[in-house]
Amino acid sequence: MLGPALLTVRSTTVPAVHLPKQGSVWTKMTKFQQMENDGEQIKRFVFGGKSRNGASYVGEKLEILIPELPLPGYSFYTWPSAPVLAWFLWERRHSLINKRILEIGAGTALPGLLAAKCGAHVTLSDCSTLPKTLEHIQRCCRLNNLVPGPGKDIEVIGLTWGLFLEQVLQLGPLDLILGSDVFYDPSVFEDILVTVSFILEANPGAKFICTYQERSADWCIENLLKKWDLVCSVISLDNLSEDLGVDPQELMGNHTVHLLEIVRQPIG
């Protein structure tokens, strides 16, 4: 059961957050531009704090533009889990400075882009056999004034879950792995977790922070976590963005999203 069974690895309760309707204060998304040639739609995500009356942004503010394409596949659309993870990171933005972060299954890469804009050293990755996806990630970077490439503002690599190819073996030291809605299909669960376990073994102090959209009560990764020496705990979303002036009622929507932290099982 992905949901109760997965999320009770350490926790007896299942905190959830419901995504807001489009255009709400919490994840302000605006159709910014429509491209006639390929149907590209650019969404604008604004992160910051609201004044008490919700009328204006106060303090720090960050805008990220995400291009979306009407193409088959999962990687050209910003799924509901991505803004949840991005807001979680935004609340902790000052701790991201100079952190070394890898986002797996990045897709449109909203969380990773936010981390990079907040001062982290970020590598975005997606399946190495999907060149159009990797090209689109680079497009997302450039649209946000981040130059992709080795030694540049942000790096984009092909990384296929479950395959220990050169890209995985050459990853440098990491502090954090991010994943947004990567647990979308049970057929890839073990490939994800064996990859995460391998990377965490090489980076003992690192963590895997991921959000997922609950789709079935029958999906479970608990046995896979044990198999690959991983421990999962739930991060409560009850107070997500409370300090940013967000009305919890605006978080209601049609999706249930959970936030997990996965680490290597301590020895002994």
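These legends describe close-up views of one predicted protein model.

**Overview. The whole protein, with its helices and strands.**
The predicted model holds 7 helices and 11 strands. The protein has 268 residues, and 52% of them count as buried. About 12,600 Å² of the protein is exposed, with carbon and sulfur atoms supplying 50% of that area. Take the contacts with a separation of 6 or more: residues 24 or more positions apart account for 73% of them.

**View 1. Helix 2 and its cover.**
Helix 2 spans residues 81-91. The helix is mostly covered, with 10 of its 11 residues buried. The buried residues are Ser 81, Ala 82, Pro 83, Val 84, Leu 85, Ala 86, Trp 87, Phe 88, Leu 89 and Trp 90. Two of these, Trp 87 and Trp 90, return in the next view.

**View 2. Phe 47 and its ring partners in helix 2.**
The whole structure contains 9 aromatic pairs. One of them joins Phe 47 and Trp 87. Their ring centres lie 5.1 Å apart, and the planes meet at 50 degrees, a tilted pair. Phe 47 belongs to strand 3 (residues 41-50) and Trp 87 to helix 2, so this pair ties together parts that are 40 residues apart in sequence. Phe 47 is buried, at a relative accessible area of 1%. Trp 87 is buried too, at 2% relative accessibility. Phe 47 also pairs with Trp 90. That pair is tilted as well, at 6.3 Å centre to centre and 45 degrees between the planes. It ties strand 3 to helix 2 across 43 residues of sequence, because Phe 47 lies in the strand and Trp 90 in the helix. Trp 90 counts as buried, at 3% relative accessibility.

**View 3. A charge over Trp 90, and a ring cluster.**
Arg 93 lies over the face of Trp 90. The distance to the ring centre is 4.0 Å. Elsewhere in the model, ring pairs link five residues into a cluster: Tyr 74, Tyr 77, Trp 79, Trp 161 and Tyr 184.

**View 4. Phe 208 and its contacts.**
Phe 208 sits in strand 9 (residues 207-213). Its relative accessible area is 0%, so Phe 208 is buried. Beyond residues up to four places away in sequence, Phe 208 touches Ile 104, Ile 177, Leu 178, Gly 179, Val 182, Phe 183, Val 196, Leu 200, Leu 260, Glu 261 and Ile 262. One of these contacts, Val 196, is 12 residues from Phe 208 in sequence and 7.3 Å away in space, C-alpha to C-alpha.

**View 5. Ser 125 and its contacts.**
Ser 125 is part of strand 6 (residues 121-126). Ser 125 is buried because its relative accessibility is 1%. Neighbours within four places in sequence aside, Ser 125 contacts Leu 102, Glu 103, Ile 104, Gly 105, Ala 106, Ile 157 and Leu 159. Ile 104 appears in this list and also among the contacts of Phe 208.

**View 6. Cys 140 and Cys 141, without a bond.**
The disulfide count is 0. The cysteine sulfur closest to that of Cys 140 belongs to Cys 141. The two sulfurs are 6.9 Å apart, too far for a bond, because a disulfide needs sulfur atoms within 2.5 Å. Cys 140 is buried, with a relative accessible area of 0%.

Terms used: Residues are numbered from 1 along each chain as its sequence is written. This is a predicted model: local features need pLDDT of at least 70, side-chain atom pairs count only at pLDDT 80 or more; totals for chains, interfaces and linings use all residues. Side-chain values use heavy atoms; hydrogens and water are left out. Helices (H or I, at least four residues) and strands (E, at least two) are DSSP runs, numbered from the N terminus. Buried means under 20% relative accessible area, exposed over 50%, partly exposed in between (1.4 Å probe, protein chains only). Contact means heavy atoms within 4.5 Å. Rings of Phe, Tyr and Trp (its six-membered ring) pair if their centres lie within 6.5 Å; planes under 30 degrees apart count as stacked, over 60 as edge-to-face and the rest as tilted. A charge sits over a ring if NZ of Lys or CZ of Arg is within 6 Å of the ring centre and within 35 degrees of the ring normal. Accessible areas come from the Shrake-Rupley method with a 1.4 Å probe; for residues, only the protein chains shown count as cover.
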